[in-house]
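Here's a quick tour of the fold, strand by strand and then into the packing. Have the viewer open while you read.

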Amino acid sequence: MAMMAYDEPAAAAFAATRQLPVEGLASWRAAVSRHLRVGPGDRLLDLGAGTGSWAAAFRDWYGVRVLAVEPAAAMRAHSAYPGMVAGRAEALPLAAAGLDGAWLSTVVHHLPDLPAVAAELRRVLRPGAPVLIRSVFAGRGGGVTLFRWFPEALRVLDGYPSVAEVCAAFEPAGFAPVALEPVPQVSARSLRAAADGLRRAAHTPLALLDDADYDRGLRRLRAAARRSPHAPVVDALDLLVLR
């Protein structure tokens with residue numbers, strides 16, 4: 001089972017708070033462009049597309065047709081990206097060998113059968129097309145400021161797949177890792193904005209905390225925001241690339 005279900009409250013919280021500001025996207029465009037060579041006429045899969053913000057970004061950056069697949073009806077209902085498709089990662093509603101790349105953003109921890117997902121990606125991707133995975137992996141949460149205020153949530157992160165586990169799951173389908181890099185991003189323009197806009201249901205590690213641990217973390221975050229209200233929130237998530 002996925003780590004959490006995206007019902008209407010969770011989807012609304014995600015749509016309201018998990019969109020990166022424009023300055024948060026520049027570093028990701030640069031990182032992705034080092035590994036993805038696509039342009040108008042190409043087709044890209046956004047798997048676990050959520051509310052469609054990344055699909056829209058890839059469309060705008062490269063002029064590609066993005067096939068956005070999202071299993072949760074509530075997330076699709078909040079999407080601003082047109083034509084989002086219902087589907088499961090293990091059984092994609094797509095033809096074979098028709099895609100020039102796949103993007104998975106903060107979704108691998110919701111996929112219980114990664115070998116089946118890898119086999120399905122191998123089926124739908126053209127030979128040599130990359131799989132780009134944006135995630136926080138087990139043991140690599142040090143670049144995420146949220147864990148500074150909610151250190152108890154690192155226990156949840158321990159249940160995420162590690163880089164080694166993802167690579168091992170994709171290997172039987174013929175994928176090998178070609179890059180792993182932390183990518184810095186501006187997640188919020190200020191610590192005050194981050195504290196004021198925090199929605200617990202939008203973050204899996206926070207949603208799975210018990211109430212006491214969450215309340216303690218929220219107090220830490222609000223205290224930090226009072227001390228440094230205008231400091232931008234800069235995080236680093238990993239980009240893992242497989243071919």
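## Starting at a strand pair

Let's begin with one bridge: L45 has L67 in β2 as its bridge partner. That bridge belongs to the pairing of strand β1 (residues 43-47) with β2, which is parallel and runs over 5 bridges. To get from β1 to β2 the chain goes through α3, and this β-α-β crossover is right-handed. Keep in mind that you're looking at a predicted model.

Is β2 enclosed or not? Strand β2 (residues 65-69) has 4 of its 5 residues buried, so the rest of the structure largely encloses it.

## The whole sheet

Zooming out, the strands form an open sheet of 6, in the order β2-β1-β3-β4-β6-β5, and the pairing is mixed. The edges are β2 and β5; each has a single partner strand, so one side of each has no neighbour in the sheet. On average, neighbouring strands here are turned by 20° against each other, direction ignored.

For the antiparallel side of things, look at strand β4 (residues 131-135) and strand β6 (residues 233-242), which pair that way over 5 bridges. Within β6, L240 is the residue standing opposite I133. As a general reminder, strands of a sheet pair through backbone hydrogen bonds, in either a parallel or an antiparallel sense.

## Helices across the sheet

Back to α3: this helix lies across β1, β2, β3 (102-105) and β4, and runs at about 170° to β2. Helix α5 (residues 114-124) lies across β1, β3 and β4, and its angle to β1 is about 165°.

## Nonpolar cores

The largest nonpolar core has 50 residues, and W28, F58 and F150 have the most contacts inside it. Helix α3 (residues 53-62) gives the most to this core, with 7 residues. Apart from it there's another core, of 32 residues, including A102, V107, V124 and A169.

What does F150 touch, leaving aside residues up to four places away in sequence? Its contacts are L198, L206, L209, D213, Y214, G217, L218, R220 and L221.

## A serine in a loop

One more spot to click on is S190, in the loop between β5 (177-188) and α9 (191-197). Buried or exposed: which is S190? With 14% relative accessibility, S190 counts as buried, because the cut-off for buried is under 20%. Not counting residues up to four places away in sequence, S190 touches P229, H230, A231, P232 and V233.

Conventions:
Residues are numbered from 1 along each chain as its sequence is written. This is a predicted model: local features need pLDDT of at least 70, side-chain atom pairs count only at pLDDT 80 or more; totals for chains, interfaces and linings use all residues. Side-chain values use heavy atoms; hydrogens and water are left out. A nonpolar core is a set of buried Ala, Val, Leu, Ile, Met, Phe, Trp, Tyr and Cys residues joined through side-chain atoms within 4.5 Å. Buried means under 20% relative accessible area, exposed over 50%, partly exposed in between (1.4 Å probe, protein chains only). Helices (H or I, at least four residues) and strands (E, at least two) are DSSP runs, numbered from the N terminus. Contact means heavy atoms within 4.5 Å. Two strands pair if DSSP finds at least two bridges between them. A crossover is right-handed if, with the strands pointing away from the viewer, the path from the first strand over the helix to the second runs clockwise. Axes are lines fitted to C-alpha atoms, for helices over the stretch in contact, and angles run from 0 to 180 degrees between N-to-C directions.
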